Amino acid sequence: MIEKTLVLLKPCTLQRSLIGEIIHRFERKGLRLAGMKMMQLTDQLLNEHYAHLSAKPFFQRVKDSMMAAPVIACCFEGVDAIQVVRQLAGPTNGRLATPGTIRGDYSMSFQENIVHTSDSLETAVAELNRFFKPDEIFDYKQVTFDYLYANDEY
Ligand code: ADP
């Protein structure tokens, strides 16, 4: 199924001048960039976005880290894009992530781990609505589409 997913390039990624390299990974994989913008996150938005972490001792620290500089929010699209993007990112702790994954190649940290990626279809829909207005998601045809997939794969 063709899916859309949210990727946030975190403040650490902006500060380390890795934005281009990380977007390049998703582009090379064949994902279609459907939306992209720079945003300063707020405490209110992060209380929603990270609600599942609200009882954790590191909740405030994670929120502060996400507000330390702007983020780049991206919407990527492709067949099974949610799982594909999660696998490209690797597990949460950068020190444990396998080399070859984004976190495995660029992160030494549990917290400063380069990207956020949606973890399910339900979450992706909710997160894309939270970060993008409908007219900020673009539906153009990806000219390489027929060379990225067999015609029974989507
Ligand atoms: P993921 O981003 O891999 O989906 P979670 O949703 O569990 O992971 O956590 C959200 C973010 O909170 C992580 O990306 C990371 O920045 C931070 N985080 C999660 N667990 C920890 C932890 N044990 N120590 C420090 N930071 C954490």
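The following exchange concerns a predicted model and the terms used to describe it.

Reader: What makes K63 a buried residue?
Author: K63 has a relative accessible area of 4%. Buried means under 20%, so K63 is called buried.

Reader: Where is K63 placed?
Author: K63 is in helix α4, which covers residues 59-67.

Reader: Why is the pair of K63 and N47 called a polar contact?
Author: The side chains of K63 and N47 come to 2.6 Å. A polar contact needs N or O atoms within 3.5 Å, one able to donate a hydrogen and the other to accept it. The pair is therefore counted as a polar contact.

Reader: Which residues surround the ligand?
Author: The ligand is surrounded by K10, Y50, H52, L53, F58, V62, R86, T92, R103, F110, Q111 and N113. By class, this shell has five nonpolar, four polar and three charged residues.

Reader: What makes K10, R86 and R103 the charged residues of the shell?
Author: Lys and Arg count as charged, so K10, R86 and R103 fall in that class.

Reader: How do you know that T92 makes a polar contact with the ligand?
Author: A polar side-chain atom of T92 lies 2.6 Å from an oxygen atom of the ligand. The cut-off is 3.5 Å, so the T92 pair counts. For R86 the distance to a ligand oxygen is 3.0 Å, and for an N or O atom in the side chain of N113 it is 2.9 Å. Of the 530 Å² of accessible area that the ligand has on its own, the protein covers 83%.

Reader: In which pocket does the ligand sit?
Author: The ligand sits in the largest pocket.

Definitions and conventions:
Residues numbered from 1 in each chain as written. Predicted model: local features only at pLDDT ≥ 70, side-chain atom pairs only at ≥ 80, totals over all residues. Heavy atoms only, no water. Near = heavy atom within 4 Å. Areas by Shrake-Rupley, 256 points an atom, 1.4 Å probe, with all protein chains shown as cover. 1 Å grid on protein atoms, 1.4 Å probe; cavity = no way out; pocket = protein on both sides within 12 Å on 5 of 7 lines; lining within 4 Å. Sits in = over half its atoms within 2 Å of the grid points. Helix = DSSP H or I, 4+ residues; strand = E, 2+ residues; numbered from the N terminus. Buried < 20%, exposed > 50% of the residue type's maximum accessible area, 1.4 Å probe, protein only.
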